[in-house]
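Visitor: Could you take me in for a close look at one helix and what packs around it? After that, feel free to wander on to whatever else in the fold deserves a look.

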Amino acid sequence: MSVKPVQGDAELLTETRHGNAVAYGGLRERHAPAARILARLLVDGPAEEEVVAETFAGILHLLRRGGGPREAFRPYLLTALRRTVHDRSQGRSGQVTDGEASGPWVPFVDPALSGLERSPVARAFLSLPERWRLVLWHAGVEGAGPAEIAPLLGMPVGGVAALVHVAREGWRQACLRAHLAGTPRQECRPVLGMMGVYVRGGLARRESRPLDEHMDGCAECHAVFLELADVNQGLRVIVGPLVAGPALPGYLAALDRAGGTGAAGPFGRWRRAPASRRAVAAGAAVGAVSLAAALATVLVPVSAQGPHAPSATAVPEPVAGAPTSTAAPAPVPQDPPSPPLPPSPPLPPSPEPSPGKAEKPRRPDGPGAVAPPAQRGAVPAPRLIARIDALGALVRSEAGIVAVRLRNVGAGRSGELVADVGLPDGVTVLAAARRGRAVAAIRPVGTVDGWACRAGSGGARCLRRPLAAGRATAIFLRVAVSPTAAEGSAPSVRISTAGIGVTARARTGVRTAGAPARFATDGQVSTSAIGNTLMVCASVAPACRAARSRGGDRRDNDLWEMGPLDQDRDPSTRSSSAARLALPRRSKVVWAGLYWSAGAPADGRIKFKAPGDGGYTRVRAERVTERELPAGVGYQAFADVTRLMGRLPGTYWAADASLRPGVSRHAGWSLVVIAADSRQPYSQAVVVDTATVVDREHGPAWIPLDGLTPTAAPVRVDLVTWEGDADLTGDRVTLGGRSLRPEAGDQDAGNAFDGSATGAEGTGMTFGTDVDGFRSTLGRNPVLKVSTGRDVLLFGAAVVRVRARS
């Protein structure tokens, strides 16, 4: 017994051209639900069915005359329906002319999105074979899976995934050709020529470094990279409105609801998909129409605007700070004063959206969500995209950071914003203290963007002044995680403003291990970590001098009697060393943390001197963690030193940490800095820290980097690690399974911790102190893994900066 295979759209279209009315009936049954959804958004009442019927009749007339689509029926149908609605509104018949019958498919561009069809993304899509356009529309814009696309192609499910991959790669190559055809600047041409391989991760480290450096200072090439790195986003932002017009958000939202009606096509799959995937796709769709209007200007060929035309995209300033810092972070544009805090500490129930023309919001159970668009004819409305994340990791018995990110991608200003942050049992907001007692008012990590927060039952409520169209804002809340918090329980947020409500839930929650976030920021920032040792081999033997210069075969503090290093010629210090921070002078410090460690009992004190200081300042640790090492107890200490930072660039000194001379001893320090820099690309940055022993007995250290952009974006990682030895190989750092090569020391990916520190002055070998930088790309499962084969390490801290869409 045989089973007749399902006919694909291409076969049904061919049979329709040959007069098979049954074949066209199959096409109509398959795609009419989508046409009705779009028509319902464009016209009212009985005209909906009239428009759908007229559109199908017009396409049938076209097919019987040899024109019309060959394979990509759905995009053609939606475009034809919009053209039909337009013609009816102008009093014209929807009948197709002879010229249209023989000509290629031409997009119908809404006047509000004029110029969209000239963007490189659109031109690339229109240049592709129809078969590729079909799979890109259904997979990239509508979010259908292989099982739902297979019937449209008339092919087995197993081959669809491969075809989608091929089509996406073809779209990338077409995009690059479109950008190169736009006469970019001469220095951009070789970068664009290698961009396709770069995005796929096919370049060696030495080959990718010039591209990294170029994109650090070239906004145009950086935008192309982001465009190629996330194919689905580019399709939804440009191609989606090109086909479905400004009604795209409502169209995709209705696909969700249609899933429960038994509608034909991929609608059923959309409802069965995890809520997180529905939320991400719908979020991009709602932002697509607003972003498309801007991108229609930004993404047209460079020659159309001039090679040095400024970007039309507004980039928000950093949203950052620290709970113990008194230094003012980078300024942001001033809006009216924040609304007053609610009078009572407990959080009242979250208000439901008030009645109005706004569509009732969905409640997705995913990492991001969007507020619904207003109905046609309304005044310019805000459209909010919300996301909540646990940064780094929320670890039991530790403090951490929860980030709420919000963007208004609509055309209008929002009302006053209310963010109700819900925390799982065992996770509480760290409130302020006043004269020995806790108070309800809390200070988010970096209140520099108008948020005022108050702790309450089960979380926090934060208020903010209205958010302008095209602007973004963020809240970073410091939280405490109890030892009994349930693993996997995640925070959530509900944003309310002027009858619009949007909810989101974090992708990850409480963990039993990992590195909690110490600080976080979004903005145009640079990150850096410098450091130096406070101990050297104390021998006068030539072998010691060779080791201090990174020479010889005894580059290991386990082989020497270690003694204090005292570089400052100050009789009041017993040990001291310097490191140079090489940030641009235009930078402004947002946050700085001082870490120090030694193989000795801790007393929690150190001396610190910034450029321009006349002497040292005594610093007391905010946190000290002790661990058992082979030579005895060791520690890592931390203090926030933002308010002590001096001029940039400059040389910084540390002195007199608690240390103990002897064999196998170490002592050193590191300064971790985040600075605002208007010439840097928009980024997300986070500092995570822990004190984790890594050896064959304890195994590797796994450091999840939750809450960062999950795309193939360039990432900079600086690690602070103690007790690495240059002659004991086998130390490795991987990110998402990809091995990383250090920029300092011997630059050996198989011996990442070799007694080297960025910025160290006056010494080559920084015995037992490793401050190393690494570059890579951030994958969809960003986890740092630090391992060793023969050594014993104490992993301390990481500062991570990843490029993100502004």
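Guide: Let's start right where the helix stops: just after helix 10, Gly201 takes a positive phi of about 75°. Keep in mind that this is a predicted model.

Now step back into helix 10 itself, which spans residues 189–199. Its buried residues are Val191, Leu192, Met195, Gly196, Tyr198 and Val199. Where do the buried residues of helix 10 fall when you look down its axis? They sit within an arc of 165°, so they line one face of the helix. As for what lies over them, the cover includes three helices, namely helix 9 (157–181), helix 11 (205–216) and helix 12 (219–229). Strand 30 (713–722) is also part of that cover.

One name from that face leads us outward. Met195 belongs to the largest nonpolar core, a set of 138 residues. Together with Trp171, Tyr251 and Leu784, Met195 is among the four that touch the most other members. Which helix gives the most to this core? That would be helix 2 (residues 21–42), with 9 residues. As background, nonpolar side chains tend to be buried together in soluble globular proteins.

Leu784, another of those four well-connected members, has quite a list of contacts once you set aside residues up to four places away in sequence. One stretch of that list runs through Ala701, Trp702, Ile703 and Leu705. Leu784 also touches Val717 and Leu719, then Val733, Thr734, Leu735 and Leu740, and finally Ala798.

There is a second, separate core too, with 39 residues. Its members include Ala610, Ala654, Ala657 and Ala667. Hold on to Ala654, because it is one of the residues that Ser576 touches when neighbours up to four places away in sequence are left out, given that contact means heavy atoms within 4.5 Å.

So let's visit Ser576, which is found in strand 19 (residues 576–581). Is Ser576 buried or exposed? At 0% relative accessibility, it counts as buried. A polar atom of the Ser576 side chain lies 3.0 Å from the backbone nitrogen of Gln567. The backbone nitrogen of Asp568 is likewise 3.0 Å from a polar atom of that side chain. Gln567 and Asp568 both turn up among the contacts of Ser576, along with Leu534, Leu565 and Asp566. Tyr616, Trp653 and Ala655 are on that list as well.

Another serine is worth a stop: Ser414, in the loop between strand 4 (399–408) and strand 5 (417–422). With 5% relative accessibility, Ser414 counts as buried. A polar atom of its side chain lies 2.8 Å from the backbone nitrogen of Leu467. Leaving aside neighbours within four places in sequence, Ser414 is in contact with Leu467 and also with Pro382, Asn408, Pro466 and Thr497.

Next, a small sheet. It is open, has 3 strands in the order 17-18-26, and pairs in the antiparallel sense. Strands 17 and 26 stand at the edges with a single partner strand each, so one side of each has no neighbour in the sheet. Strand 17 (residues 535–537) pairs with strand 18 (residues 561–564) over 3 bridges, and Met535 has Pro564 as its bridge partner. On the other pairing, strand 18 and strand 26 (residues 662–663) share 2 bridges, with Glu561 standing opposite Val663.

A few backbone details to finish. In the loop between strand 25 and strand 26, you'll find Asp656. Its phi is near 60°, positive even though the residue is not a glycine, and at 8% relative accessibility Asp656 counts as buried. Gln747 does something in that vein, with a positive phi of about 55° in a residue that is not a glycine. Gln747 lies in the loop between strand 32 (738–739) and strand 33 (760–761), where its 39% relative accessibility makes it partly exposed. Finally, a cis peptide bond joins Leu648 and Pro649, with omega about -10°. Pro649 is in the loop between strand 24 (632–640) and strand 25 (650–655).

Methods. Residues are numbered from 1 along each chain as its sequence is written. This is a predicted model: local features need pLDDT of at least 70, side-chain atom pairs count only at pLDDT 80 or more; totals for chains, interfaces and linings use all residues. Side-chain values use heavy atoms; hydrogens and water are left out. Two strands pair if DSSP finds at least two bridges between them. Helices (H or I, at least four residues) and strands (E, at least two) are DSSP runs, numbered from the N terminus. Buried means under 20% relative accessible area, exposed over 50%, partly exposed in between (1.4 Å probe, protein chains only). The arc is that of the directions from the helix axis to the C-beta atoms. A nonpolar core is a set of buried Ala, Val, Leu, Ile, Met, Phe, Trp, Tyr and Cys residues joined through side-chain atoms within 4.5 Å. A polar contact is a pair of N or O atoms within 3.5 Å; within protein, one must be able to donate a hydrogen and the other to accept it, and residues adjacent in sequence count only if both atoms are side-chain atoms.
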